[in-house]
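User: I am new to this structure. Please show me how to read it, feature by feature.
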Amino acid sequence: MAVAMASAANCGVYFSSNTNKLNFPVFDFKNHSWSAAFVTTPPNILEKRSVRLSFSMMGIIPRATSAATAVESDGSFQDTDTVPTPKVIIDQDSNPDATVVEITFGDRLGALLDTMNALKNLGLNVSKANVYLDSSGKHHKFAITMASTGRKVEDPELLEAIRLTIINNLLEYHPESSSQLAMGATFGVEPPKEKVDVDIATHIRVDDDGPDRSLLHVETADRPGLLVDLVKIITDINITVESGEFDTEGLLAKAKFHVSYKGKAIIRPLQQVLANSLRYFLRRPTTEEASF
C-alpha cells in the first residue's frame, strides 16, 4: 500500500445509524484529511482516528436484491451455472504511479460502469486499463489515483473503502455472489453455506526479500476492515509497510506486504513476534461474533 510514503488522502468513511427504507445500515463517504505516512506518525495513529474500518462499525448498503443490469452484467450465464469465486485484487506493486485493481467473477461481469462511478465518488480517478480472458474468466483491470493529487492511493482506510465498494457492487448487481463472499453472510441475499474456520484458514509466513526488506504473507478468513487492521498490527510493533497486494478470493483474504524494520530486513526473532501478534489478532473473535 505504499504507506511509507508521505502523502495525504482526502476521503474518509463515516458510518451512521441511519437506515434506508429496507432497514439496512448505511455508510457515507465524506471529505476528510489525514496523513498516510506511517513511518513518521506514531504507531497508534489508527487508534486516534475518529473513524476505523473495524468489523463492529461496518455497514454496507446491500441493495443485493435488485436484478443485475446490463451495465454490470453481460448476461452470458444461466441461473443453473456453477457460481464462480469472486476475486478482488488491490495491487500496490505493479505500477509506481497508480493503484491497480483487478476484478474477476467468472465470465459474468459486464462493463462495470456503476462500479467505476462508485469508486469515483470516493474522490478517485478511475481509468480502465484492460480486460483479458483466461481459464478463470474475464479479468477487469483499473488504474486508480487520487483525484486531488493524481497520485496512487496510499492510505489503508481508503484502500479498504475501495475494496468494500467493489464487493458491495458485486452483492448488488450479482446477488448470486453472496454465497461466495464473507460479507454475504451479513449483507447478501444468501449467506455462505459453510463458515471458514479461522484457525485452519490462517497462515502467516515471512520470507527474505533482499537485504533491506522482507515479504510477509498472510492468508485468513475475510471480514470488513481486515486490510486496515493488518496494517495497524504491523505498524504497532514499529515495522514499516512499504507496499503490497491484498486479494479477496471468495471467503478468504490473501495479503503480501513488503516490510522492513529500521530500513533492514526483519530478523528471525522479530519475525516470530510479528507472526504471533497477527495470529493472536486474527484468531480472536470479532465484536459481533463474541456477542452471540
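What follows is a short walk from the whole chain down to single contacts.

User: Where do I start, and how many helices and strands does the chain have?

Analyst: Start with the inventory. This is a predicted model. The chain has eight helices and 10 strands.

User: How do I read burial, and what share of the residues counts as buried?

Analyst: A residue is buried if its relative accessible area is under 20%. Here, 51% of the 292 residues pass that test. The accessible surface of the chain is about 13,200 Å². Carbon and sulfur atoms hold 52% of that surface.

User: What do the contacts say about sequence separation?

Analyst: Take the contacts with a separation of 6 or more. Residues 24 or more positions apart make 67% of them.

User: In what order do the strands of the open sheet run?

Analyst: Read a sheet from one edge to the other. Eight strands line up as S5-S6-S4-S3-S9-S10-S8-S7, with antiparallel pairing. At the edges are S5 (124-134) and S7 (203-208), each paired on one side only. On average, neighbouring strands are turned by 15° against each other, direction ignored.

User: Which strand pairs with S7, and over how many bridges?

Analyst: S8, residues 214-221, pairs with S7 in the antiparallel sense over six bridges. For one pair of residues to find on screen, look at His-203, which is opposite Glu-219 in S8.

User: Which helix packs on the sheet at S7 and S8?

Analyst: Helix H7, residues 268-283, does, touching both strands. The direction of H7 makes about 160° with that of S7.

User: How does H6 pack against H7?

Analyst: For a helix pair, read the angle, the distance and the handedness. H6 covers residues 226-236. H6 and H7 pack at about 145°, with axes 10 Å apart. The crossing is right-handed. Now the side of H6: Leu-226, Asp-229, Leu-230, Ile-233 and Ile-234. They meet Leu-274, Ser-277, Leu-278, Phe-281 and Leu-282 in H7.

User: Which residues of helix H2 are buried?

Analyst: In H2 (residues 113-120), they are Thr-115, Met-116, Ala-118 and Leu-119.

User: Why do these buried residues count as being on the same side of H2?

Analyst: Check their spread around the axis. They lie on the same side of H2 because they cover an arc of only 160°.

User: What covers the buried residues of H2?

Analyst: The cover includes strands S4 (99-104), S5 and S6 (137-146). Helix H3 (156-173) is also part of that cover. So you meet S5 twice: also as an edge strand of the sheet.

Key:
Residues numbered from 1 in each chain as written. Predicted model: local features only at pLDDT ≥ 70, side-chain atom pairs only at ≥ 80, totals over all residues. Heavy atoms only, no water. Pairing = 2+ DSSP bridges. Helix = DSSP H or I, 4+ residues; strand = E, 2+ residues; numbered from the N terminus. Axes fitted to C-alpha atoms, helices over the stretch in contact; angles between N-to-C directions. Contact = heavy atoms within 4.5 Å. Buried < 20%, exposed > 50% of the residue type's maximum accessible area, 1.4 Å probe, protein only. Arc of directions from axis to C-beta. Areas by Shrake-Rupley, 256 points an atom, 1.4 Å probe, with all protein chains shown as cover. Left-handed = near helix turned anticlockwise from the far one by under 90°.
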